Amino acid sequence: MTRKPTSGRSRTNDPAGVRKRILDATADAFQKRGYHSTSTHDVVRAAGVTAGALHHHFPTKKVLALNVIQERVAQAVDKHWLEPVRSARGAEEGIRTAFEQIATALDRSRTILGCPLNNLALELCAADSEFREAIEKIYDNWRKVIADKLRADFLGAFDAEALATFVIASYSGAIAQAKATQSTAPLRTCAAQLAFHFRSRQMPKAQMPKAKAAHASKP
């Protein structure tokens with residue numbers, strides 16, 4: 001009886017599963033080493049697939065990277081930021097929860113690798129318009145979710161888009177410092193400062209004078 005050759009690479013008829021493994025392995029490699037330092041050979045080996053399978057799903061490394069940004073990086077932002085903000089009773093609570101959950105998870109990890117979106121933005125956006133547009137789309141959606149929550153909580157007290165940009169910039173800077181120092185202290189410091197900013201400068205709609213609240217609620 002002739003035995004079939006064995007291999008660590010996938011040869012099963014499961015294209016969806018193969019594609020998922022490729023994306024997962026690539027996202028992990030980009031987070032650890034970056035786009036330029038990750039080769040397609042690295043991906044083939046990490047995903048346990050053949051080079052043919054990789055190129056069947058993703059003809060070029062750039063196509064692969066764009067799919068990672070659109071599917072895996074966007075998914076990470078949604079899970080760790082958008083969902084906590086959407087499900088919170090208010091914007092301040094959602095933002096605080098996002099910071100705290102990320103900091104707590106990083107405290108349990110051995111290495112702080114930074115924000116996947118921020119890492120790729122710094123590496124790719126200046127040199128390639130397609131990468132820039134894909135990454136900018138995620139930032140735009142992130143900003144919109146926060147701004148929408150702020151507008152639901154506060155009526156005319158501030159520019160919601162500007163404050164949402166400030167929140168994201170605070171997080172991006174904090175996670176970059178956390179990566180540099182291998183400490184979550186910058187994240188917790190920025191979270192505390194943002195909370196102070198909300199408490200000291202913003203007036204909830206429930207506390208606004210009735211005339212101003214009525215005016216702010218008009219289209």
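This is a short tour of one protein chain, stop by stop.

**Before you start**

The model is predicted, so local features need pLDDT of at least 70 and side-chain atom pairs count only at pLDDT 80 or more, while totals for chains, interfaces and linings use all residues. Residues are numbered from 1 along each chain as its sequence is written, and side-chain values use heavy atoms, with hydrogens and water left out.

**Stop 1: the whole chain**

Show the protein chain as a cartoon and you will find 10 helices and 0 strands. Here helices (H or I, at least four residues) and strands (E, at least two) are DSSP runs, numbered from the N terminus. Of the 219 residues, 42% count as buried, where buried means under 20% relative accessible area, exposed over 50% and partly exposed in between (1.4 Å probe, protein chains only).

**Stop 2: helix H7**

Select residues 129-153, which form helix H7. How far apart are the end C-alpha atoms of H7? They are 36 Å apart, and this agrees with the expected span of 36 Å for 25 residues at 1.5 Å a residue. That expected span is 1.5 Å times one less than the number of residues.

Now colour the buried residues of H7, among them Phe 131, Trp 142 and Leu 150. At the start of H7, look for a side-chain oxygen of Asp 128, which reaches to within 2.9 Å of the backbone nitrogen of Glu 130.

**Stop 3: H4 against H7**

Add helix H4, residues 61-87. Two packed helices are described by the angle between their axes and the distance between the axes. For H4 and H7 the angle is about 10 degrees and the axes are 10 Å apart. Axes are lines fitted to C-alpha atoms, for helices over the stretch in contact, and angles run from 0 to 180 degrees between N-to-C directions. H4 and H7 are therefore roughly parallel to each other (angles under 35 degrees count as such).

Show side chains where they meet: Leu 66, Val 73 and Trp 81 are among those of H4, and Ile 138 and Val 145 among those of H7. Contact means heavy atoms within 4.5 Å.

**Stop 4: Gln 31 and H6**

Go to Gln 31 in helix H1 (residues 15-33). Is Gln 31 buried or exposed? Gln 31 is buried, with a relative accessible area of 18%. Leaving aside neighbours within four places in sequence, Gln 31 is in contact with residues including Pro 116 and Asn 119.

Asn 119 leads you to helix H6 (residues 116-124), where Asn 119 is one of the buried residues. What covers the buried residues of H6 includes H1, H4, H7 and helix H8 (160-181).

Methods:
A polar contact is a pair of N or O atoms within 3.5 Å; within protein, one must be able to donate a hydrogen and the other to accept it, and residues adjacent in sequence count only if both atoms are side-chain atoms. Angles under 35 degrees count as roughly parallel, over 145 as roughly antiparallel, 65 to 115 as roughly perpendicular and the rest as oblique.
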